[in-house]
Amino acid sequence: MPQLLLVEDDPAIRSALVRALTERGHGVRTAATGMAGLQEAVDGRPDLVVLDLGLPDMDGCTVLSMLRAVSQVPVIVATARDDEREVVRALDAGADDYVVKPFAADHLEARIRAVLRRGGASEPATVEVGALRIDSGAREVTLAGAPVELSRKEFDLLAHLATKVGTVVSKRELLSEVWHQPYGGGDKTVDVHLSWLRRKLGESAAEPRYVISVRGVGVKLIDPGS
Ligand code: CA
């Protein structure tokens, strides 16, 4: 069941949408302010966020930019303003789609389904990097066919690196995506888990194969054979 986060300050709209979306088979959490929405988007890891642009504490586009700095969760913005520039600004800030208020629940539901379909297609469940195979659906990792036993965080760390093979991922992004601590937390946490992960993959920081640290930037997963 897709989990949605609805960020909406108007209690009447909020409760009507919660009812309508729940009836249509979604789990729905809510937040009434931009800050609460950001927190919930990071902590609750929803599958999709419906974000009202007119919030009491922060401009919705600012919320969206802050969210995009730490998360790729699909976002549909809802705007009361029939101001085209506002919508363009939201799409530029990383919104996946938008609805203009007032909208019917069925209309929002159709947009949600379309956005979730798009998102679902872009992340393959299984990634192969050299002899390393990471199955995110089954949460299983094998190296040259042999199972590798990873802790939950080690798996999440590897799975996140596997979504961006060959690209350096910052420790800040890892803290946000794996530990859900976008605004703090220590590099030490990442370093320790990286070293455990490396050991289980039969490598070390001194002699890396798959997990390559780039000093001062972050870490990347590579195919050592390529
Ligand atoms: Ca509002």
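## Close-up views of a predicted model

**View 1. Asp 52, a calcium donor tucked away in strand β3.** Asp 52 is buried, with a relative accessible area of just 4%; the whole model shown here is a predicted one. Asp 52 sits in strand β3 and gives its OD to the calcium ion. Its fellow donor Asp 9 is partly exposed, at a relative accessible area of 29%. With buried set at under 20%, Asp 52 therefore counts as buried at 4%, while the 29% of Asp 9 makes that residue partly exposed.

**View 2. The calcium ion and its protein donors.** Asp 9 (OD), Asp 52 (OD) and Gly 54 (O) are the protein donors here, and they lie 2.2 to 2.4 Å from the calcium ion. Read along the sequence, the spacing of these donor residues is D-x42-D-x1-G. The two aspartates tie together distant parts of the chain: Asp 9 belongs to the loop between β1 and α1, Asp 52 to strand β3, and they are 43 residues apart.

**View 3. The open, parallel sheet.** Five strands line up in the order β2-β1-β3-β4-β5, with parallel pairing and an open arrangement. The edge places go to β2 (27-31) and β5 (97-100); each has a single partner strand, so one side of each has no neighbour in the sheet. Going from one strand to the next, the twist averages 20°. Zoom in on β1 (residues 3-7) and you find five bridges to β2, in the parallel sense. Look for Val 7 here: the residue opposite it in β2 is Ala 31.

**View 4. Helices against the sheet.** Helix α1 (residues 11-23) packs on the sheet and touches β1 and β2, with its direction at about 165° to that of β2. Helix α2 (residues 34-43) lies across β1, β2 and β3 (48-52), and runs at about 165° to β1.

**View 5. Helix α1 and its two faces.** The buried residues in α1 are Arg 14, Leu 17, Ala 20 and Leu 21. They take up an arc of only 140° around the axis, which puts them on the same side of α1. Turn to the face away from that buried side and you meet the exposed residues Pro 11, Ala 12, Arg 19 and Glu 23. The length of α1 works out too: at 1.5 Å a residue, its 13 residues should span 18 Å, and the end C-alpha atoms are indeed 18 Å apart, which agrees.

**View 6. The β6-β7 hairpin.** Strands β6 (residues 126-129) and β7 (residues 132-135) run antiparallel and are joined by four bridges. Thr 126 has Asp 135 of β7 opposite it. The two strands form a hairpin with two residues between them, and Gly 130 in the turn has a positive phi of about 60°. Strand β6 shows two faces: Val 127 and Val 129 are on the covered one, Thr 126 and Glu 128 on the uncovered one. That fits a general pattern, since side chains in a regular strand alternate between the two faces of the sheet.

**View 7. Stepping back to the whole protein.** Eight helices and eleven strands make up the secondary structure. Along the principal axes, the C-alpha atoms fill a box of roughly 60 × 35 × 25 Å. Of the 226 residues in the protein, 42% are buried. Among contacts with a separation of 6 or more, 52% come from residues 24 or more positions apart.

Note on methods. Residues are numbered from 1 along each chain as its sequence is written. This is a predicted model: local features need pLDDT of at least 70, side-chain atom pairs count only at pLDDT 80 or more; totals for chains, interfaces and linings use all residues. Side-chain values use heavy atoms; hydrogens and water are left out. Two strands pair if DSSP finds at least two bridges between them. Axes are lines fitted to C-alpha atoms, for helices over the stretch in contact, and angles run from 0 to 180 degrees between N-to-C directions. Contact means heavy atoms within 4.5 Å. Buried means under 20% relative accessible area, exposed over 50%, partly exposed in between (1.4 Å probe, protein chains only). Donors are N, O and S atoms within 2.8 Å of the metal (3.2 Å for Na, K and Ca); water is not among the atoms, so sites may look incomplete. The expected span of a helix is 1.5 Å times one less than its number of residues. The arc is that of the directions from the helix axis to the C-beta atoms.
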